[in-house]
Structures are given as C-alpha cells and as structure tokens.
Amino acid sequence: MSNLVVLITGANRGIGFELARQYLINGWTVIATCRNLETAVGLVSLKGKFPNKLSIELMDITCPENIKTLAGKLSEENIKLDLIVNNAGYLDRENTSIHTINYANAEMSFKVNSLGPLYLTHCFLPLMNKKRLCKIAVISSAMGSLSLEQSVDWYGYRMSKAAANMLVVNLSKELVNDNVAVVAVHPGWVQTDMGGSTASENVVDSALGVMNVILNLSIDNTGNLYSFNGDELPF
Ligand SMILES: NC(=O)c1ccc[n+]([C@@H]2O[C@H](COP(=O)([O-])OP(=O)(O)OC[C@H]3O[C@@H](n4cnc5c(N)ncnc54)[C@H](OP(=O)(O)O)[C@@H]3O)[C@@H](O)[C@H]2O)c1
C-alpha cells in the first residue's frame with residue numbers, strides 16, 4: 001500500500017469528494033477539508049470505510065486563521081504532505097454582465113478561488129515532503145484562460161481563475177529547484193452542484209482524469225494548465 005499523503009480542500013461534495021474517494025481507493029492517506037461536518041455526510045460515511053486513512057478537518061478557505069491553525073495542527077502531528085489539491089471553488093452566478101455586478105460575490109470568487117490557494121500554499125508548503133517529488137494542483141478552469149475563446153459571463157469567477165492560473169505560474173518558477181511541481185487543471189464541465197446536471201462529464205471520469213494529470217506532473221512540465229483529458233491548454 002502507498003504511504004502517500006494528499007490534502008484536498010472542498011472535499012465534502014462534487015469533484016473534491018470524488019478525488020478524496022479515489023485517492024483512498026488507491027491507498028493514499030487523505031486529509032479532506034470541509035466547512036461543516038453536519039453537511040459532510042458522504043465524507044463522514046467514507047471515514048467509516050477508511051478509518052485509518054481518512055482524516056476530516058474543518059477549514060474555510062476564506063479564513064486565513066483557519067488555514068494557519070490547520071497547518072499548525074498538522075505540523076504538530078508531524079504530517080508530511082506529498083500533494084495538495086486546491087479544489088474548493090466558488091462561482092458568482094449573478095455576475096454575468098457588467099451591468100449586474102454584485103461586488104460581494106465577485107470578491108468571494110477571489111477569496112475562494114485565488115487568495116485561498118495562495119495563503120494555503122504559503123502555510124502548508126513547510127509541511128511538504130520535499131525528500132521526494134511533491135506536487136501542488138490548483139483545480140482551475142478553462143474559463144480563466146485569457147487566450148481561449150470565451151463568452152461574457154461570471155466576471156468574478158473568470159477573473160479569479162485567471163489569477164489562480166498566475167499563482168500556478170509563479171509558484172512553479174519559485175519552487176522549481178525545491179522538488180515541488182505545480183499544475184493548474186481544468187476538470188471539464190462536470191455534473192456537480194456547480195456544473196449542473198446537464199454538464200458533459202460525470203464526476204468519476206473528471207476526478208480520474210485530474211488524478212492522471214497530477215500523476216504525469218513532474219518538474220519537466222511544471223507550471224502548465226491541463227484539461228482533465230490530458231490536453232495542455234493555453235493560459
Ligand atoms: N463543475 C464544473 O463544471 C467545473 C468546471 C471547471 C472548474 N471547476 C472547478 O472545480 C472545483 C470543484 O468544483 P465542483 O464542481 O466540485 O463544485 P461544487 O460541487 O460546487 O463544490 C464546491 C466545493 O467548494 C467548497 N467551498 C466553497 N466555498 C468554500 C470556502 N469558503 N471554504 C472552503 N470550501 C469552500 C464547497 O464547500 P461547501 O459544501 O461548504 O459549500 C464544496 O466542497 C472548483 O474549483 C471549480 O471552480 C468545476
């Protein structure tokens with residue numbers, strides 16, 4: 001069995017939950033974060049199946065103190081991470097036109113999608129197991145690409161995912177000599193609460209694709225954006 005350790009944010013539902021489930025099936029130790037245990041029913045039931053391999057931790061990615069406190073707790077427990085998956089995401093659904101901008105929702109997009117992963121990486125980087133190649137993945141979106149053809153919608157989401165992509169580029173350069181590889185992954189249009197039931201991909205295929213992209217990540221291809229099907233996408 002593998003002794004690899006992954007921390008996944010927003011692991012109580014959607015893609016994050018499926019990633020947690022699949023990494024557990026693959027023998028990984030999973031630290032799954034969520035905001036509310038009472039609504040994390042699937043995750044709690046997964047804990048019953050993998051009692052020694054899954055730990056559930058409370059963390060709101062928009063709360064720097066939460067992030068710092070969890071990093072401190074894991075450090076005291078001498079946890080070493082091989083992989084961080086910044087998965088938690090927020091979509092400002094109403095901000096589809098410059099004429100209808102809700103500022104608080106746009107701000108929330110940045111807090112969850114870009115500033116959260118930035119501060120989380122800052123706090124958890126010292127916990128990474130740099131004796132072997134370790135990896136940071138940001139579940140981004142093709143909607144954050146500045147060069148792909150885009151329709152006009154979701155201002156905060158698109159802008160914050162573009163910022164998350166820049167986080168990946170910056171990190172990849174700063175950490176290239178530290179045995180840490182970094183990737184942005186577009187998970188596809190996925191049947192989750194965010195993607196809706198008419199989305200083209202089911203959550204299992206998306207999660208397995210994301211895991212495959214992460215598996216193929218090395219220092220040689222650090223700092224790129226990939227689709228869950230393995231295609232490299234332009235930033
Ligand atoms: N679904 C798609 O079609 C699609 C396409 C492209 C990219 N993505 C990206 O894929 C990732 C996962 O999306 P999904 O489809 O699985 O979305 P989802 O089903 O809506 O789940 C979102 C997750 O993020 C968590 N989250 C939201 N705000 C948070 C906060 N302040 N602190 C901590 N966790 C927070 C949610 O926790 P709560 O349950 O507590 O709200 C939930 O676990 C996101 O980054 C999303 O942008 C999705």
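Biologist: Which class of residue has the highest count in the shell around the ligand: nonpolar, polar or charged?
Modeller: Keep in mind that this is a predicted model. By class, the shell has twelve nonpolar and four charged residues, and the remaining class comes to 13. That puts the answer at polar.

Biologist: And which helix gives the most to that shell?
Modeller: There are 29 residues around the ligand, with Gly 10, Gly 14, Gly 89, Thr 192 and Gly 195 the closest. One helix, spanning residues 14–25, puts three residues into the shell, and that is the top contribution. It's helix α1.

Biologist: How many strands does the chain have?
Modeller: Reading from the N terminus, the elements go β-α-β-α-β-α-β-α-β-α-β-α-β-β. Six helices are part of the secondary structure, and the strands come to eight.

Biologist: Why does the radius of gyration agree with a compact globule?
Modeller: The C-alpha atoms fill a box of roughly 50 × 40 × 35 Å along the principal axes. For 235 residues, a compact globule would come out near 18 Å, so the chain agrees with its radius of gyration of 17 Å.

Biologist: What share of the residues is buried?
Modeller: Take the largest nonpolar core to begin with: it holds 66 residues, and Ala 20 and Val 183 have the most contacts inside it. Leaving aside neighbours within four places in sequence, Val 183 touches residues including Ala 137, Val 168, Leu 217 and Tyr 226, using the 7 Å C-beta cut-off for a contact. Across the 235 residues of the chain, the buried share is 46%.

Notes: Residues numbered from 1 in each chain as written. Predicted model: local features only at pLDDT ≥ 70, side-chain atom pairs only at ≥ 80, totals over all residues. Core = buried A, V, L, I, M, F, W, Y, C linked by C-beta atoms within 7 Å. Buried ≥ 20, exposed ≤ 12 C-beta atoms within 10 Å, placed from the backbone. Contact = placed C-beta atoms within 7 Å. Near = placed C-beta within 6 Å. Helix = DSSP H or I, 4+ residues; strand = E, 2+ residues; numbered from the N terminus. Nonpolar A, V, L, I, M, F, W, Y, C, P; charged D, E, K, R; others polar. Rg over C-alpha atoms; globule rule 2.2 N^0.38 Å.
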